[in-house]
Amino acid sequence: MAVSDLFKLSFLVSALFSNSNLQTEKDGAGGGLGVFPPTCSRIECPSYDVVQSGDGFEIRRYNSSMWVSTQPIDDISFVDSGRIGFLQLFDYIQGKNDNNQKIEMTAPVLTEVKASDGPFCTSSFVVSFYVPKQNQATAPSAKGLRLQKWGLTYVAVRQFSGFIKDDDVGQQAAALYASIAGTVWLDAIEKSHKKDASTEYIVAQYNSPFEFRNRVNEIWLTFDLEDGLAI
């Protein structure tokens, strides 16, 4: 990789997973839904149907899809672990995989979070990349990474803007929980998470770090849907 390319990559990673105080017009705002991430008009994103739009949340149904994921990264910082994971996935799409195959960039970049029990304890983070449809059936494996096949998946979603900081993720996840309190969706989420407590919530990041306006991030709570519950 040329020196100029290394510089660009270093800047991209630092900006994407940064604790910068730089703000957009509505940095930190949350709960707005129905915002189509501008990134998805340029690169491929996974398809979904909207099941319900509520007050501060949206319920989506994602089709089956393939993701490539890092091994769990133990760290006290969402930002730092995201930087580590993104570099591994960037190498993967640049051809550092068992097929030496380059793969197109997609969105969003997901970070699954299993939070710690205390403020100074390490949490566990898994960073994932959505495999483009043309590569889904033949996605190459790679050392240190794993392929995950998602079946039909339901997700409760909250959107927020700006460059994500460590303090944002827990606050936005708590706000999503609050917005679905008392609904059938929260019951479904809690039942699903009792079966698999490995992931408490997921952070989805859509934008290039060079975009300073109209940034779209999301908190996801995945769950199984029981018969007769869908609207």
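## A look around the predicted fold

Arg60 lies over the face of Tyr48, with 4.3 Å to the ring centre. That's a handy way into this structure, which is a predicted model. Tyr48 also belongs to an aromatic cluster, together with Tyr62, Trp67, Tyr130, Trp150 and Trp220. There's another charge-over-ring arrangement to look up: the charged end of Arg215 sits over the ring of Phe163, 3.9 Å from the centre of that ring.

**The overall layout**

Let's step back to the whole chain. It has four helices and 10 strands. Walk along the sequence and you pass them in the order α-β-β-β-β-α-β-β-β-β-α-α-β-β. The chain has 231 residues, and 50% of them count as buried. About 11,600 Å² of the protein chain is exposed, with carbon and sulfur atoms supplying 52% of that area.

How much of the contact network comes from residues 24 or more positions apart? Among contacts with a separation of 6 or more, such pairs account for 76%. A few individual residues help to put faces to that number.

**Rings across the chain**

Back to the aromatics: the chain has 10 aromatic pairs. One of them is Phe78 with Phe125, an edge-to-face pair with 6.3 Å from centre to centre and 70 degrees between the planes. Phe78 lies in helix α2 (residues 78-93) and Phe125 in strand β6, so this pair ties together parts that are 47 residues apart in sequence. Are these two rings' residues buried or exposed? Both Phe78 and Phe125 are buried.

**Strand β6 and its surroundings**

Stay on strand β6, which spans residues 123-130, and you'll find Ser128 there. Why does Ser128 count as buried? Because its relative accessible area is just 2%, and the buried class takes in anything under 20%. Leaving out residues up to four places away in sequence, Ser128 touches Trp67, Val68, Ser69, Leu89, Pro108, Val109, Leu110, Glu112 and Gln148. With Ser69 there's a side-chain polar contact as well, at 2.6 Å.

Val109, one of those partners of Ser128, sits in strand β5 (residues 109-114). At 5% relative accessibility, Val109 is buried too. Val109 and Val127 are 18 residues apart along the chain, and their C-alpha atoms are separated by 7.1 Å. If you skip residues up to four places away, Val109 touches Phe86, Val127, Ser128, Val203, Ala204 and Gln205.

**A loop residue with distant company**

Asn63 makes a good contrast. You'll find it in the loop between β2 (58-62) and β3 (65-70). What class does Asn63 fall into at 36% relative accessibility? Asn63 is partly exposed, because that class covers the range between 20% and 50%. Asn63 and Thr153 are 90 residues apart in sequence, yet their C-alpha atoms are 6.7 Å apart in space. Outside its neighbours within four places in sequence, Asn63 is in contact with Ser47, Gly151 and Leu152. The link to Ser47 includes a side-chain polar contact of 2.9 Å.

**A buried glutamine in β8**

Over in strand β8 (residues 153-160) there's Gln159. With a relative accessible area of 3%, Gln159 is buried. Its side chain makes a polar contact with the side chain of Glu218, at 3.0 Å.

Here are the side-chain polar contacts from this tour, side by side:

| Side chain | Partner side chain | Distance |
|---|---|---|
| Ser128 | Ser69 | 2.6 Å |
| Asn63 | Ser47 | 2.9 Å |
| Gln159 | Glu218 | 3.0 Å |

**The disulfide**

Last stop, the cysteines. How many disulfides does the chain have? The count comes to one, joining Cys40 to Cys45 with 2.0 Å from S to S. A disulfide is a covalent bond between the sulfur atoms of two cysteines. The link of Cys40 and Cys45 is left-handed, with -90 degrees about the S-S bond. Cys40 and Cys45 are both buried.

Key
Residues are numbered from 1 along each chain as its sequence is written. This is a predicted model: local features need pLDDT of at least 70, side-chain atom pairs count only at pLDDT 80 or more; totals for chains, interfaces and linings use all residues. Side-chain values use heavy atoms; hydrogens and water are left out. Helices (H or I, at least four residues) and strands (E, at least two) are DSSP runs, numbered from the N terminus. Buried means under 20% relative accessible area, exposed over 50%, partly exposed in between (1.4 Å probe, protein chains only). Contact means heavy atoms within 4.5 Å. Accessible areas come from the Shrake-Rupley method with a 1.4 Å probe; for residues, only the protein chains shown count as cover. A polar contact is a pair of N or O atoms within 3.5 Å; within protein, one must be able to donate a hydrogen and the other to accept it, and residues adjacent in sequence count only if both atoms are side-chain atoms. Rings of Phe, Tyr and Trp (its six-membered ring) pair if their centres lie within 6.5 Å; planes under 30 degrees apart count as stacked, over 60 as edge-to-face and the rest as tilted. A charge sits over a ring if NZ of Lys or CZ of Arg is within 6 Å of the ring centre and within 35 degrees of the ring normal. A disulfide is a pair of cysteine sulfur atoms within 2.5 Å.
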